[in-house]
Amino acid sequence: MEILKYAIYRFGTMLLTLLVVSVLVFAIINLPPGDYLSNQIAELQATGQSAGVAKAEFLRKEYALDKPLWQQYMIWMGFMPGPHGFSGMIQGNFGWSFEFDSPVADIVGDTLWLTVLVNLAAVAFVYAVALPLGVLAAARARTWVDYTSAFIGYLGLATPNFLLALILFYYGHRWFNLPIGGLMAPEFEGVPMNWEKVKSILVHLIVPTFVIGTAGASAMMQRLRANMLDELGKPYVETAIAKGMKSSRMLAKYPLRVAFNPFVADIGNLLPSMISGSVLVSVVLGLQTIGPTLLTALKTQDMFLSGFVLMFVALLTLIGTMISDVLLVLLDPRIRYEGRGT
Amino acid sequence: MTQLPDGRYVDDAPFDPQASLLEIERKDLDAPNWLLVWRKFRTHKLGLISGAFLLICYLLLPVAGFIAPYGPNQRHSEHLYSPPQSINLFHQGEFIGPYVYPLTSHADLETFQWVFTPDLENPQNLEFFCEGREYNIAGLIPSTTHLFCSPDENSPVFLWGSDRLGRDIFSRILYGAQLSLTVGLIGITVSFVLGIFFGSLAGYFGGKTDWVINRVIEILRSLPELPLWLALSAAVPSNWSPVAVFFIISIILGILDWPGLARSVRAKFLSLREEEYVRAAEMMGASSGRVIRKHLLPNFMSHLIASATLSIPAMILGETALSFLGLGLRAPAVSWGVMLNDAQNLASIEIYPWTAIPMLPIVVVVLAFNFLGDGLRDSLDPYQQ
């Protein structure tokens with residue numbers, strides 16, 4: 001039951017972190033001078049459209065934008081009753097998007113689970129690629145296998161994600177006839193799930209997964225290689241070899257299990273950069289994730305929309321990190337339950 | 001050699017406890033730290049080459065205007081999307097020095113593209129140290145001399161092609177380097193100052209300060225960087241001058257980078273504080289400021305420099321990504337990210353692949369920083385084999 005206690009403790013710290021993050025996010029979305037509505041009111045007054053001004057003023061009252069900042073924050077989060085009683089983030093009301101003139105929940109809707117899907121696929125890709133390559137590079141250290149994988153890894157780290165995306169898209173389409181842009185064929189949008197749609201999404205996922213995962217995979221591969229090399233020098237490995245154990249079986253049975261822990265723990269470091277990558281790549285490739293939504297929202301100062309997207313992205317990262325921490329405790333009996341780093 | 005009264009022979013030379021060591025090892029032990037680091041670093045070939053390359057790059061930044069044949073925003077309206085030209089030496093089997101074939105353009109009204117045909121009959125010799133558009137060396141000294149240019153005003157030379165507005169991509173890459181390469185340096189300075197300050201605060205005082213700073217570090221590290229970068233740079237007012245935007249963007253890049261550095265500073269502080277030489281210094285009455293400056297900082301400064309080198313590439317890529325998305329530097333400022341903004345769609349990659357050339361310097365510079373950082377990290381501890 002210790003593990004359950006730890007999981008609950010970890011969940012608690014996650015909620016606290018999320019609270020701090022919400023303050024941070026609120027501060028950031030309020031950084032630009034002025035807000036969407038006051039900009040709009042100024043513009044409407046300049047062109048003399050009083051009807052629009054009245055509507056904008058109404059929205060201002062409706063979303064408590066005329067109150068002091070700290071009250072705005074409390075109302076946004078739902079800690080304090082707004083004009084319509086308690087209706088904030090924690091009550092599940094994500095606010096109003098001024099740019100799209102509809103509730104935030106309607107706009108992000110579908111894109112949320114597509115974002116999760118893209119990132120899950122990328123994590124799976126990272127594990128699938130980094131594990132065998134990292135072990136191979138360590139086992140064949142200082143041979144051409146090692147150097148080639150290191151070279152590819154470095155290239156993956158150094159090439160800007162978005163360019164890799166464009167280039168892969170171009171050649172993927174040209175040589176393998178992969179579809180260009182989007183996460184599904186246009187005819188499946190808004191259609192309920194069926195087998196054809198799943199297939200279409202899978203085919204569309206190939207390039208984005210590859211692009212988002214490459215940098216993470218190469219970082220993880222290098223770390224796994226270093227960990228493996230540390231383990232390979234230890235006496236128990238020598239003993240196993242001296243006893244005549246087959247090297248592939250020896251690798252999998254002893255050093256890999258030790259080197260595997262950081263591999264799981266690393267996902268906490270990896271997730272933030274992968275989600276960053278997915279936002280960027282989504283914008284370039286026109287995927288229906290929240291990346292493009294975030295960009296428009298930020299550019300037009302649509303504060304509730306960008307605030308929600310930022311919160312969602314942070315939540316996704318925090319949940320991923322929490323899961324990896326709990327998994328790590330399950331995997332490694334040496335780790336006690338005080339949490340990492342203590 | 002003296003003979004003692006009891007008949008034993010004794011050497012007259014003063015006793016030297018290290019006499020058993022070989023002469024060469026003695027030299028090593030007495031050598032200053034930087035020499036040992038340098039000796040080890042020299043064996044790291046890749047790191048050495050990368051370091052030299054980066055040094056040359058940074059030294060060339062002030063004279064970018066001299067090497068570039070054209071200004072960064074100089075337009076050639078007759079040569080939109082001109083393809084790259086190669087410099088040849090032999091014309092019809094005869095050596096005539098470096099020359100290019102002049103290009104003439106005409107619009108293809110069926111595909112709506114510019115078609116360029118080289119004039120293979122009249123090779124055009126490049127001129128060297130010629131007069132051209134005025135520029136400033138290091139932003140201060142006005143000059144009009146360029147390293148090379150084409151002899152004819154109307155048929156300019158585009159080593160790496162020209163872009164949508166007929167601007168020379170080669171020149172723009174050189175000018176763009178001035179911003180793209182310094183963004184990382186300014187950002188890392190900000191991150192360095194913040195990281196050392198908060199890291200040493202946490203490591204030295206411990207207790208509550210340590211707890212608070214640690215939580216802040218954890219929170220900042222658990223957040224995805226790019227959305228935060230985007231949000232912060234979206235807050236930069238659009239009427240600011242390019243220079244102000246440039247500085248604020250590099251500061252934003254630095255602000256979100258310090259937690260990693262602070263964490264390693266703190267860890268080093270915690271472990272080094274327990275070392276015997278620190279206790280010895282304290283017992284001899286050294287103030288804590290002196291202990292930090294003279295005994296602690298030099299111990300891990302080199303380590304910090306190596307990790308800083310490794311985080312510069314992230315900033316260069318960050319600037320590129322921000323500018324690429326239109327939230328970083330904006331035209332008329334020229335950076336590699338701004339240039340890549342033109343190559344944002346598949347059509348330009350397919351029809352005008354040379355607009356994506358700025359990715360080459362990005363990849364090369366980022367790789368060089370990575371190799372240099374690896375080399376530095378490996379050679380920083382000269383006693384470790």
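This dialogue looks at a chain contact, a helix crossing and two unusual backbone angles in a predicted model.

Visitor: How many residues does each chain bring to the contact between chain A and chain B?

Guide: The contact draws on 30 residues from chain B and on 37 residues from chain A. On the side of chain B that touches chain A, at least two residues come from each of helix 7 (225-234), helix 11 (288-324), helix 13 (346-351) and helix 14 (359-379) of chain B. Helix 7 of chain B contributes the most to that side, with seven residues, and the residues of this side of chain B comprise 25 nonpolar, three polar and two charged.

Visitor: At what angle do helix 5 and helix 8 of chain A pack?

Guide: Helix 5 (residues 104-139) and helix 8 (residues 195-232) of chain A pack at about 35°, and their axes are 6 Å apart. Their crossing is right-handed, and the residues of this helix contact divide into 22 nonpolar, four polar and one charged.

Visitor: Which residue in the loop between helix 13 and helix 14 of chain A should I look at?

Guide: As a general idea, most residues other than glycine have a negative phi. A:Gln301, which lies in the loop between helix 13 (290-299) and helix 14 (303-331) of chain A, has a positive phi of about 60° although it is not a glycine.

Visitor: Is A:Gln301 buried or exposed?

Guide: A residue counts as buried if 20 or more other C-beta atoms lie within 10 Å of its own; A:Gln301 has 23 within 10 Å, and is therefore buried.

Visitor: What is the phi of B:Phe129?

Guide: B:Phe129, in strand 8 (residues 127-137) of chain B, has a positive phi of about 50° although it is not a glycine. B:Phe129 counts as exposed because it has 10 C-beta neighbours inside 10 Å, and the cut-off for exposed is 12 or fewer.

Note on methods. Residues numbered from 1 in each chain as written. Chains lettered and ligands numbered in written order. Predicted model: local features only at pLDDT ≥ 70, side-chain atom pairs only at ≥ 80, totals over all residues. Contact = placed C-beta atoms within 7 Å. Helix = DSSP H or I, 4+ residues; strand = E, 2+ residues; numbered from the N terminus. Nonpolar A, V, L, I, M, F, W, Y, C, P; charged D, E, K, R; others polar. Axes fitted to C-alpha atoms, helices over the stretch in contact; angles between N-to-C directions. Left-handed = near helix turned anticlockwise from the far one by under 90°.
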